[in-house]
Amino acid sequence: MRRISIIFCGGCNEYYSRKNIAEQIEKVMLADGWEVVYNSLDAEYLLYLNGCSVSCAYGDSNNNTPYTLVSGLMVDHISTKEKELLDKILKSIDEKTKKK
């Protein structure tokens with residue numbers, strides 16, 4: 001079973017509900033056969049959920065693990081609308097985890 005870790009920032013300046021997004025992501029990933037863990041670097045894929053553009057959760061990550069970076073209303077450094085955030089995150093994960 002593949003493992004994804006959802007890593008949170010401290011939440012001091014949220015532009016969106018990280019909890020809501022994480023719950024929706026977890027539901028989709030579980031249905032797709034992934035194990036979902038939180039705040040661990042021990043995973044095949046990392047999802048950094050930062051409430052704002054400071055990206056505290058990402059920090060100075062020197063990890064070679066594939067990841068999606070959510071920084072406020074940006075996914076992988078591309079601005080998005082809040083209502084499109086979940087779809088953009090799932091698309092990023094899907095594109096980066098497809099078996100080649």
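Two strands pair if DSSP finds at least two bridges between them. With that in mind, welcome to this predicted model, in which six strands form an open sheet with mixed pairing. Ile4 is a good place to start, since this residue stands opposite Tyr45 in strand S3. From there we can walk through the sheet, the salt bridges, the largest pocket and a couple of loop residues.

**The sheet and its order**

- The strands of the open sheet follow the order S2-S1-S3-S4-S5-S6.
- S2 and S6 stand at the edges with a single partner strand each, so one side of each has no neighbour in the sheet.
- Strand S1 covers residues 2-8 and strand S3 covers residues 45-50; these two run parallel and are joined by five bridges.
- S1 also pairs in the parallel sense with strand S2, residues 34-38, again over five bridges.
- Within the pairing of S1 with S2, Arg3 is found opposite Glu35.
- Elsewhere in the sheet, strand S4 (residues 67-71) and strand S5 (residues 74-75) are paired in the antiparallel sense, with two bridges between them.
- Look for Ser71 here: its bridge partner in S5 is Met74.

**The crossover**

- Between S1 and S2 comes helix H1, residues 18-31, and the three elements together make a β-α-β unit.
- The hand of this β-α-β unit is right-handed.

**Salt bridges**

- Side chains of opposite charge can pair when their charged atoms come close.
- The count of salt bridges in this model comes to seven.
- One of them joins the side chains of Arg3 and Asp42, at 3.3 Å from N to O.
- This pair ties together distant parts of the chain, as Arg3 belongs to strand S1 and Asp42 to the loop between S2 and S3, 39 residues apart.
- Arg3 is partly exposed, with a relative accessible area of 23%, while Asp42 is exposed at 54%.
- Arg3 and Asp42 do not stand by themselves: together with Glu35 they are linked in a network of salt bridges.
- Glu35 therefore turns up twice in this tour, as the residue opposite Arg3 in the strand pairing and as a member of the salt-bridge network, and the partly exposed Arg3 is its companion in both.
- In helix H1, the side chains of Glu23 and Lys19 meet in a salt bridge of 3.5 Å, N to O.
- Glu23 and Lys19 are four residues apart in H1, which means that about one helical turn separates them.
- Of this pair, Glu23 counts as partly exposed at 42% relative accessibility, and Lys19 is exposed with a relative accessible area of 58%.
- Helix H2 has a salt bridge too, between the side chains of Lys91 and Glu95, at 3.9 Å from N to O.
- Lys91 and Glu95 are likewise separated by about one helical turn, because they lie four residues apart in H2.
- Lys91 is exposed, with a relative accessible area of 51%, whereas Glu95 is partly exposed at 48%.

**The largest pocket**

- The largest pocket holds about 160 Å³ of space.
- Its lining is made up of Val75, Asp76, Ile78, Ser79, Thr80, Lys88, Lys91, Ser92 and Glu95.
- Lys91 and Glu95, the salt-bridge pair of helix H2, are both among these lining residues.
- H2 (85-97) and strand S6 (78-79) each supply at least two residues of the lining.
- H2 gives the most, with four residues.
- Sorted by class, the lining has four charged, three polar and two nonpolar residues.

**Two loop residues to find**

- Gly11 is in the loop between S1 and H1, and it is partly exposed at 26% relative accessibility.
- The C-alpha atoms of Gly11 and Val37 are separated by 18 Å, and the two residues are 26 apart along the chain.
- Asp42, already met in the salt-bridge network, lies in the loop between S2 and S3.
- Measuring out from Asp42 to Tyr58, 16 residues apart along the chain, the C-alpha atoms are separated by 15 Å.

Terms used
Residues are numbered from 1 along each chain as its sequence is written. This is a predicted model: local features need pLDDT of at least 70, side-chain atom pairs count only at pLDDT 80 or more; totals for chains, interfaces and linings use all residues. Side-chain values use heavy atoms; hydrogens and water are left out. A crossover is right-handed if, with the strands pointing away from the viewer, the path from the first strand over the helix to the second runs clockwise. On a 1 Å grid over the protein atoms alone, a cavity is a set of points where a 1.4 Å probe fits but cannot get out, and a pocket is an open set with protein on both sides within 12 Å along at least five of seven lines; lining residues have an atom within 4 Å of a point. Grid points are joined across faces, edges and corners, and a volume is the space filled by probe spheres set on the points. Ala, Val, Leu, Ile, Met, Phe, Trp, Tyr, Cys and Pro count as nonpolar, Asp, Glu, Lys and Arg as charged, and the others, Gly among them, as polar. A salt bridge is a side-chain nitrogen of Lys or Arg within 4 Å of a carboxyl oxygen of Asp or Glu. Buried means under 20% relative accessible area, exposed over 50%, partly exposed in between (1.4 Å probe, protein chains only).
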